[in-house]
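Reader: I would like a close look at one part of this model, the helix that packs on the open antiparallel sheet, and then at how the rest of the fold is put together around strands and cores. Please take it step by step.

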Amino acid sequence: MCGIVGYTGKRKAVFILLEALERLEYRGYDSSGVALLEDGRIFVDKKVGKIRELIKSLWGKELNATTGIGHTRWATHGGVCELNAHPHTDGQGRFALVHNGIIENYRELKEYLLSRGVKYVSETDTEAIVHLISLNYEGDLLKAVLKVLPMLKGAYAFAVISSMEPNRIVGVRYGSPLVVGLGEGENFLASDIPALIPFTKKVIPLEDGEIADLTPDGVSIYDFEGNLKVKESITVHWDLLSAEKGGFKHFMLKEIFEQPRVVADTIKGYISRDYELPFSLKDFRRIVITACGTSYHAGLIGKYWLEKFVGIPVEVSYASELRYSDTPVGEGDLVIAISQSGETADTRFSALSAKEKGAVLLSIVNVMGSALSRESDYTLYTHAGPEIGVAATKTFTCQLAVLFSLAISEHPERENLINQLLKVPNLMEEVLSKAEGIKEVALNYSQKKNLLYLGRYLSYPVALEGALKLKEISYIHAEGYPAGEMKHGPIALIDQHMPVVVVAPKDRVYEKILSNIEEVLARKGIVISVGFEGDENLKKLSKDFIEIPQVVEELSPFLTVLPLQLFAYYIADYLGLDVDQPRNLAKTVTVE
């Protein structure tokens, strides 16, 4: 969601803030702004639209400030306009603040502030925080923040500066991510690690209930009671190049083509250290997987694998539903929470709720030091590196690699299954080598308004994921459905104008899905299929047939999903859309 950055040091802050903000664009935003401590006063500039609009506004201005904060806003409270954009200031212009998250009781706070004669100028919940800090300031910014925190309800992170303390930034984390970056004679603050990569690799991810007090000379961490804490930094091994496009038109396309390498890295990461969990999966009465979006689809595939290779029941729940459901989760259950960022609010809170009830919490995340990884009993990391495109691609297949490795970890034929898994990256390369052919197919359907995606068994979650990718980046309506359920409703949609994407590798339900294709053709539907090379039956039934190499059925999702990712990408790119930052979406959803 919203992105926070901060800098205090010796360099001109504006250039560092703008570069850091650009590296947070993938989180999704509709406006941006900066606040700089310039000649004893706070200078603020903010603009609606892309960061380039902010850069244009700042161009040519002589800004020498060495301390400042910046923000990319994803609107929650209040419409998209400059008035609601961050940073927000108090009435006297003594304080500026940027904020991520939601202050749930801001209406009550606003009424209190109005009763104190405060002029409230925006529609945001954020403005309440900066006014409260201003009212409680008595010469020490940290102490003012500590007085305000008990008044706030919700999940949030914020950073604040004051013209009275020109080389100081105070950052707070409670439910939304915030990371400190450590430098020599300078220090940094950001919502996410990629914003810090150009400047430092030494970071301290804040935990919920922590405050960072930054000056050029050092960083102090406190709890919400004001007690000093000792925190060790971690070293980030991502390099700057991994966060650049590397010659590709978009980050999403780069990340699609990175999948053979990062999946191989993820597999080898587990083989090389032969990871061991301090329990047997068979010790649990059941496994509950909780996740959102693409991670939820990975969890659905993981369910098939875990039930097949472990032999205990697995439930998969949307995190946003599990948290508020009456599902009995507790002792005897293993909860697997899947989140690329490790900061997804719904996933974190549903997982923590299950942990509080006695379940063992195992997380699968991509970002080291993220909140979910620290809050879990055990964490399994993917090795995808930074994923900048909002639409997840490489993290999905890396999550699959972890889930498959986990599912077979105690299986008698583990060594043979690992050998099969090790073949997958090369087979993925083969699929991606056919990208131009997939592009030709995709462009035939760029003007369609609706598509239906069908799959059975392991291919059903792949169909869901393919439909999601198309919706996310092309804004074309697409629906994923179990092929066997088509005749119970969706078949009514099929006519000569309806493209139907069918995921049909030769597996245990192959004959069944061929029958489903016949049902589509009987209603004059347009069939686009993904299946094994040399499959003449599928080729004859399809208007367009995308071939993938043959692989054992359990591993087919690694290959079948790739053409669907490319299919969505090429349509969106042809339509001239912002592939990496689709409208209304955020990479890390840190609000409920």
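Author: What follows begins with the helix and its sheet, and then turns to a parallel strand region and to the nonpolar cores.

The model is a predicted one, and the part in question is helix α4, residues 126–135, which is mostly covered, with 9 of its 10 residues buried. Those buried residues are Thr126, Glu127, Ala128, Ile129, Val130, His131, Leu132, Ile133 and Ser134, and the elements that cover them include the strands β5 (88–89), β6 (95–103) and β7 (154–162) together with the helices α3 (106–115) and α5 (141–148).

The sheet beside the helix is open and is formed by 7 strands, in the order β5-β6-β7-β8-β12-β13-β14, with antiparallel pairing. Its edge strands are β5 and β14 (228–229), each of which pairs on one side only. Helix α4 packs on this sheet by touching β5, β6 and β7, and its direction makes about 135° with that of β6. Elsewhere in the sheet, β12 (residues 210–215) and β13 (residues 218–223) are joined in the antiparallel sense by 6 bridges, and Asp213 stands opposite Ser220 in β13.

A parallel arrangement is found around strand β19, residues 360–365, where 5 of the 6 residues are buried, so that the strand is largely enclosed by the rest of the structure. Strand β18 (residues 333–339) runs parallel to β19 and is joined to it by 6 bridges, with Ser339 standing opposite Val365 in β19. Between these two strands the chain passes through helix α10 (residues 345–356), and the resulting β-α-β crossover is right-handed. Strand β19 also pairs in the parallel sense with β20 (residues 378–381), over 4 bridges, and here Leu362 stands opposite Tyr378 in β20.

As for the cores, the largest nonpolar one has 91 residues, and those with the most contacts inside it are Trp305, Leu306, Ile336, Tyr453, Phe558 and Phe567. Helix α19 (residues 556–574) gives the most to this core, with 12 residues. When neighbours within four places in sequence are left aside, the contacts of Tyr453 include Ala463, Leu470, Tyr481, Val501, Leu564 and Phe567. Apart from this core lies another, of 30 residues, among them Val14, Phe43, Ala65 and Val179.

How values were computed: Residues are numbered from 1 along each chain as its sequence is written. This is a predicted model: local features need pLDDT of at least 70, side-chain atom pairs count only at pLDDT 80 or more; totals for chains, interfaces and linings use all residues. Side-chain values use heavy atoms; hydrogens and water are left out. Buried means under 20% relative accessible area, exposed over 50%, partly exposed in between (1.4 Å probe, protein chains only). Two strands pair if DSSP finds at least two bridges between them. A crossover is right-handed if, with the strands pointing away from the viewer, the path from the first strand over the helix to the second runs clockwise. Contact means heavy atoms within 4.5 Å. Axes are lines fitted to C-alpha atoms, for helices over the stretch in contact, and angles run from 0 to 180 degrees between N-to-C directions. A nonpolar core is a set of buried Ala, Val, Leu, Ile, Met, Phe, Trp, Tyr and Cys residues joined through side-chain atoms within 4.5 Å.
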